[in-house]
Amino acid sequence: MERKPLSFGMTMLATAVGVVIVSVISSIIMFISMICMVVAIGNSGSKELTPVKAGTFLTVDMSQISGDREGSNLLVTFNNDNSVGLIDAVNAIRAAAKDDRVAGLLLKGDKGLVVSWASLTELRDALAEFKDSEKPIVAYATSYTQGEYYAASLADKVCMHPSGMVDFRGIGGEVMYYKDLLDKLGVEMQLIRPESCSYKSAGEVYTLNHMSDANREQIRAYIGSVWRTATAQIAASRSMEVSELNTIADNLSGFMAEDAVASRLVDTLCFEEDMKQMLKERYNGKQLMSLDKYAANVKNTPNKAKDAIAVIYAEGDVMDGTAKGFDEGVYGDDIVKALKKAANDADVKAIVLRVNSPGGMATASESMTHAVMAAKEKKPVIVSMGDLAASAGYEMSCMADVIVAQPTTITGSIGVFGTIPNVGKLMNQKLGLHTDTVCTNKNAAGMSIYRPLSPRVKELWTRNVEDFYKVFVGRVAEGRHMSYDEVHKIARGRVWTGADAVGIGLVDTLGGMDLALRIAAEKAGLENYKVKEYPEEKDTWTQLMEFFGESKDDDLTLMAKMRLALRWKAVKSDVKALSCLEKDIEYVTTAEGLQARLPFVFYEL
């Protein structure tokens, strides 16, 4: 029997029904997946802690340490990782020094370091305290990066794979310039900054194709300061002279495995299994325990103290607004809210503001600085600086009662700038696109990105950056009890290390979070206290709703297109270099308004 084809109407109806059925099934699957995710995240936070047995060797894998604070449960679950925040890692090492069940510590490298020099200094300080407990520290890596070796150098025994190498060659500062590329594209970046801020060189990467004298001067100064600190500590730990280390770096005479032993950078060459056997035989190490598992035990140890010190984490680029979903950075509204909540909490007796930021939006910086000033009127506020506390990161710090920084912290950069692109040539000559304008007033289109700024708009922008710079310097002068001229002399956008910042009055003392907490406790008159962390983590459901909600940008923006192109190229070439370029492009294409941030971006290559 011949089957007749469906009519057009019946075909459309069948198609519509099919689409509805598929949509319903997809929605059900999505809903079930979200419920399963919520359950999984909830279960991940309620798992039984791993017991610590006698004879345990704590394994500190440096690649596990990421950021000051551990990521949210949602982020950790998505990434399926075992990362540990620097502060939790340091607390775990200090607790292990006093734990009779912990026989020693194994420090491992190899898998890629994601922390910078100040974080390594904080880690190294904790390792030094562990060593003072007379428990052994053994370091092992297939090969050591320079940062990994800096931390590993204080170990009682530094071991390395027989085919490994020590990448010990000094510190270099390299800046990528985009002027010629922008010229080819037909884009002019209009840089506006105070006339005196010659060191505020962030915008120079778009207007020059080489380092300015001021930028070269400050980069040479800060990398030299970091290197002096690192080599002095390595030399003391390895019973060597700093001059020996510089000779090794100049000649790369520790690069090959045998040379690393001959130059006394490494004690012995062995395979990992041989090293583990040594832990058992020489140090009575019965089993290994990972840093994340031990840190979880330490963090979940009950603390019945009523009084608290609030620790507020400000890590990342400074931005206006509030964080949503997976957003990372220092969001002004979140930090203001955290400062206000901690200041009004009767149980919180002091506040430690942990700043690890290169700066960012001037408006958010001003809001947070004002909130610090308000909190300071109610209780002590101590700043603990991490890897970076510069520009907007320094402004929010300057009004604190005490500022603590590592000698390798990058800080200062007291200045401001603005960049406004002119893409008229790109649109007209390269893409064949033209714009025409009708205005009610002569400056109505004065800030169009398709033509140069109008003289009046440029005049007002220049006054704006000059005025903000004066406000910034004035804030620092008030907070640091200095005159305006004294601050201006060391400001002008210049970057300083913590070691140098102490001598010029921008920092009070050198140390890490532990010292900042001790100072806070002393000022508040506390002997026993617990730590309350802010901003408080949002509940899992809220994070999921924000994550699965609508994107902030509905259209495929220029940044998104560039990101896709860069990631495609990264498959075929240098992934790290391209990720650096991607980060620069993202900053250029998303930054708006006045910027108070470092004059360069720091990468671990």
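F57 is buried in this predicted model, with a relative accessibility of 0%. Because the cut-off for a buried residue is under 20% relative accessible area, F57 meets it.

The residue also takes part in an aromatic pair. Pairing requires ring centres within 6.5 Å, and by this rule the count comes to seven aromatic pairs. The ring centres of F57 and Y283 lie 6.3 Å apart with the planes at 45°, so this pair is tilted. F57 belongs to strand β1 (residues 56-61) and Y283 to helix α11 (residues 272-283), so the pair ties together parts that are 226 residues apart in sequence.

Other aromatic residues are grouped as well: one aromatic cluster is formed by Y144, Y149, F168 and W227. At W496, the ring has a charged partner, as the charged end of R494 sits over it at 4.4 Å from the ring centre.

Two packed helices are described by the angle between their axes and the distance between the axes. For helix α3 (residues 86-98) and helix α4 (residues 117-132), the angle is about 10° and the axes are 8 Å apart. The cut-off for roughly parallel is under 35 degrees, which means that α3 is roughly parallel to α4. The residues that make this contact are listed by helix below.

| Helix | Residues in the contact |
|---|---|
| α3 | L86, I87, V90, I93, R94, A96 and A97 |
| α4 | S119, E122, L123, A126, L127, E129 and F130 |

By class, the residues of the contact of α3 with α4 comprise 10 nonpolar, one polar and three charged.

Key
Residues numbered from 1 in each chain as written. Predicted model: local features only at pLDDT ≥ 70, side-chain atom pairs only at ≥ 80, totals over all residues. Heavy atoms only, no water. Phe/Tyr/Trp six-rings, centres within 6.5 Å; stacked < 30°, edge-to-face > 60°. Helix = DSSP H or I, 4+ residues; strand = E, 2+ residues; numbered from the N terminus. Buried < 20%, exposed > 50% of the residue type's maximum accessible area, 1.4 Å probe, protein only. Lys NZ or Arg CZ within 6 Å of the ring centre and 35° of its normal. Axes fitted to C-alpha atoms, helices over the stretch in contact; angles between N-to-C directions. Parallel < 35°, antiparallel > 145°, perpendicular 65-115°, else oblique. Contact = heavy atoms within 4.5 Å. Nonpolar A, V, L, I, M, F, W, Y, C, P; charged D, E, K, R; others polar.
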